Amino acid sequence: MVLYTRMSKIILFAIVLQLIALNSVQTTVVNSCNKNLLLPNTTISINSLVCSETPCTCIPGCPFKLHLEFDSPRYLEHFKPDIIATYAGIKLDYPLGQDDGCDGLLNTQCPIVENEPIKYEVTMNVLSFFPEVTVSLNFTLQDLDADEPVVCILFDINVKKMNCPA
Ligand SMILES: *[C@@H]1O[C@H](CO)[C@@H](O)[C@H](O)[C@H]1NC(C)=O
Ligand SMILES: *[C@@H]1O[C@H](CO)[C@@H](O)[C@H](O)[C@H]1NC(C)=O
């Protein structure tokens, strides 16, 4: 009987630990762009696999997802994600299939008020003609009314041609 109670306590403890692990979003360590721009809590994942440290492996044909959490530094009505990719000193605008950032909001809708907690997501599709190289990405959410960036992250990706992780 005593043994039985101890076992069930251990099992209960294990379940509680599991629930805590499920509730805390694992994040990716990324760099800040400059001190004036908010660095959001960032989770980068390839399919459903979280990339904890950059450079993140980026596989053509495999969904590459950016999940950001932050308290909005300002009122936002129109905004848009933007990525500048730098490779071998050449900068180019990276195409993102999201013209309206409001479409990426998970927990609220536009307009966003100042200090509102935001959960935002965008998926980029790595084009298959991309060579296997390391590329630096400067990702921003641009306030289209003020024509200014609101949040910004810097990170590297390693483009690899391999199968999508399950
Ligand atoms: C960002 O992460 C930190 C550390 O986990 C947490 O304390 C903070 O509340 C998070 N901020 C937002 C806006 O989610
Ligand atoms: C990234 O973009 C932000 C916003 O446009 C800019 O302030 C910053 O200097 C850029 N950083 C790099 C390394 O390109």
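Strand β9 supplies the largest share of the shell around ligand 2, namely three residues. In this predicted model, the residues around ligand 2 are C33, N34, N138, T140, P149, C152 and L154. Two elements give two or more residues to that shell: β8, which spans residues 134–143, and β9, which spans 148–159. In chemical character, the shell around ligand 2 divides into four nonpolar residues, three polar residues and no charged ones.

Both β8 and β9 belong to an open sheet of five strands, ordered β3-β9-β8-β5-β6, in which the pairing is mixed. The edges of this sheet are formed by β3 (56–58) and β6 (90–94), each of which pairs on one side only. From one strand to the next, the twist averages 35°. In general, the strands of a sheet pair through backbone hydrogen bonds, in either a parallel or an antiparallel manner. At the β6 edge, strand β5 (residues 79–87) is joined to β6 by five bridges, and the two run antiparallel. Within this pair, I84 stands opposite D93 of β6.

The description now turns to ligand 1. The residues around this ligand are N41, E69, F70, D71 and P117. Strand β4 (residues 63–71) contributes the largest share of the shell around ligand 1, three residues. The shell around ligand 1 comprises two nonpolar residues, one polar residue and two charged residues. Charged residues are thus present around ligand 1, whereas the shell around ligand 2 has none.

Strand β4 also takes part in an open sheet, one of four strands in the order β2-β1-β4-β7 with antiparallel pairing. Because β2 (49–51) and β7 (117–125) stand at the edges with a single partner strand each, one side of each is left without a neighbour in the sheet. Neighbouring strands of this sheet are turned against each other by 25° on average, direction ignored.

Which strand is joined to β2, and by how many bridges? Strand β1, covering residues 41–46, is joined to β2 by three bridges, and these strands run antiparallel. Across this pairing, I46 stands opposite L49 in β2.

Taken together, the two ligand shells can be placed against the two sheets. Strand β9, which gives three residues to the shell around ligand 2, lies between β3 and β8 in the order of the five-stranded sheet. Strand β4, which gives three residues to the shell around ligand 1, lies between β1 and β7 in the order of the four-stranded sheet.

Key:
Residues numbered from 1 in each chain as written. Chains lettered and ligands numbered in written order. Predicted model: local features only at pLDDT ≥ 70, side-chain atom pairs only at ≥ 80, totals over all residues. Near = placed C-beta within 6 Å. Nonpolar A, V, L, I, M, F, W, Y, C, P; charged D, E, K, R; others polar. Pairing = 2+ DSSP bridges. Axes fitted to C-alpha atoms, helices over the stretch in contact; angles between N-to-C directions.
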